[in-house]
Amino acid sequence: MRDQTSAPAAAPRRPPQPPGTAPRPGTRPGPHAAAPHPAAPDPVTPPPAGAAAAAIPAPPAPRPLGERRLWPRSFADRLTTPMPGLRAYARLAREGAFRPGPDGLRGIPDLPCAPAPLPVLAPGTSCVTWAGHASWVVRTGGLTVLTDPVWSRRILATPARMTPVGVPWEDLPPVDAVVISHNHYDHLDAPTLRRLPRHTPLFVPAGLGRWCRRRGFARVTELDWWEAAELDGVRFDFVPAHHWSKRTLLDTCRSLWGGWILTDTRSPAPHKLYFAGDTGYGHWFAEIGRRHPGIDLALLPIGAYAPRWWLRDVHADPEEAVQACTDVGARRMAPMHWGTFVLSAEPVTEPLERVRAAWDRAGLAREDLWDLPIGASRCW
């Protein structure tokens with residue numbers, strides 16, 4: 001099952017956005033977003049256009065690490081748009097636009113991949129290294145954190161990696177924590193997690209703890225949107241995303257989905273990083289920026305967006321990713337979720353070309369677009 005490319009279908013949909021045009025400033029939440037889930041500690045309805053900005057909510061107190069909690073059976077009420085119906089699946093099957101054509105695949109040898117040793121960090125420095133797709137080695141506050149680690153050569157129902165993993169597993173420093181954005185095969189990879197010691201702290205969305213504990217992990221912290229936990233001076237805030245979750249035929253939206261804000265709380269000038277996970281474009285970015293001002297770096301997805309009518313609601317395209325970076329108020333952006341697996345129909349090198357053009361059109365400083373090759377690092 002290609003759960004990582006099946007997408008909720010919006011009704012009505014926005015008209016397709018051609019390359020080179022600016023995305024709309026936001027999307028209206030679908031009917032499932034109108035009634036926030038009872039478990040949400042602080043649900044938010046986007047303010048009407050022109051409304052005065054509300055005061056920034058106080059950060060929530062960190063929840064206990066490894067806390068056992070009861071969750072509802074489904075998080076479907078958090079969907080921004082409804083799940084796809086039979087007509088959408090029939091159209092997808094009829095069009096057959098699952099993969100790029102031969103011309104779109106010719107760019108595979110040109111995909112940027114430049115593995116290099118992890119740089120030595122000076123005190124008070126943070127660093128990110130792109131291992132490929134949504135997998136990053138984040139070093140901040142003295143911790144090494146992996147995001148959505150996928151070191152496998154292939155994932156279910158998907159061709160093998162186009163590019164090698166940017167950091168060989170044996171070259172990783174001891175892993176202090178892992179963050180998971182959601183339960184799709186290209187973001188939650190069981191073979192990779194099996195390589196970790198079972199005492200490794202895992203930070204996961206609500207409803208995913210049982211899956212992790214069944215595999216022997218003893219330090220699993222599940223969070224709802226706008227909740228946080230702290231490990232050795234690094235704060236982990238779980239924030240919303242425009243996406244969904246599914247691993248089998250029977251677990252659609254049984255666990256939540258979202259992104260993570262990692263903050264080094266002990267430095268005189270705390271470093272703050274936003275890992276968006278997997279998401280479409282919409283109103284949550286502005287709210288994340290309002291609640292978490294001063295983001296130094298946003299790791300944002302730019303690939304797996306075609307055909308647009310099918311994937312618009314759950315995968316941002318390059319232009320929308322640039323707009324999302326502006327919405328969250330991040331100083332810098334590092335693109336991800338492209339150049340590793342063939343998940344959709346756009347040409348394999350197109351996401352990078354379009355994000356560079358969109359960044360330039362937005363008038364943003366070129367040095368703040370960290371369009372890294374796989375395996376490369378950048379520190380600040």
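Two strands are said to pair when DSSP finds at least two bridges between them, and with that in mind we can begin our walk through this structure, which is a predicted model.

Strand β1, made of residues 127-132, pairs with strand β2 in the antiparallel sense, and 5 bridges join them. Together β1 and β2 form a hairpin that leaves 2 residues between the strands, and in this turn H133 has a positive phi of about 55°. At the end of β1, G132 stands opposite S135 of β2.

On its other side in the sequence, β2 pairs with strand β3, residues 143-147, again in the antiparallel sense and over 5 bridges. If you look for the residue of β3 that is the bridge partner of R139, you will find T144. β2 and β3 also form a hairpin with 2 residues between them, and here G141 in the turn has a positive phi of about 60°.

How many residues of β2 are buried? Since buried means under 20% relative accessible area, it is informative that 6 of the 6 residues in this strand, residues 135-140, are buried, and therefore β2 is largely enclosed by the rest of the structure. The side chains of β2 can be followed in two sets, for S135, V137 and R139 point one way from the strand, while W136, V138 and T140 point the other way, and all of these are buried.

We turn next to helix α7, residues 318-328, which is mostly covered, with 8 of its 11 residues buried. The buried residues of α7 are P318, E319, E320, A321, V322, A324, C325 and V328. What covers these buried residues includes the strands β10, β11 and β12 as well as the helices α5, α6 and α8. At the N-terminal end of α7, D317 acts as a cap, with a side-chain oxygen lying 3.2 Å from the backbone nitrogen of E319. Just after α7 comes G329, which takes a positive phi of about 75°.

Finally, we can look at an open space in the protein, the second largest pocket, which holds about 620 Å³. This pocket is lined by 21 residues, and the closest to its centre are G207, L208, R210, W211 and R254. Which helix gives the largest share of this lining? Helix α4, residues 209-214, does so by contributing 5 residues. Sorted by character, the lining of the second largest pocket divides into 6 nonpolar, 6 polar and 9 charged residues.

Terms used
Residues numbered from 1 in each chain as written. Predicted model: local features only at pLDDT ≥ 70, side-chain atom pairs only at ≥ 80, totals over all residues. Heavy atoms only, no water. Buried < 20%, exposed > 50% of the residue type's maximum accessible area, 1.4 Å probe, protein only. Helix = DSSP H or I, 4+ residues; strand = E, 2+ residues; numbered from the N terminus. 1 Å grid on protein atoms, 1.4 Å probe; cavity = no way out; pocket = protein on both sides within 12 Å on 5 of 7 lines; lining within 4 Å. Points joined across faces, edges and corners; volume = space filled by probe spheres on them. Nonpolar A, V, L, I, M, F, W, Y, C, P; charged D, E, K, R; others polar. Contact = heavy atoms within 4.5 Å. Polar contact = N/O pair within 3.5 Å; in protein donor to acceptor, adjacent residues only side chain to side chain.
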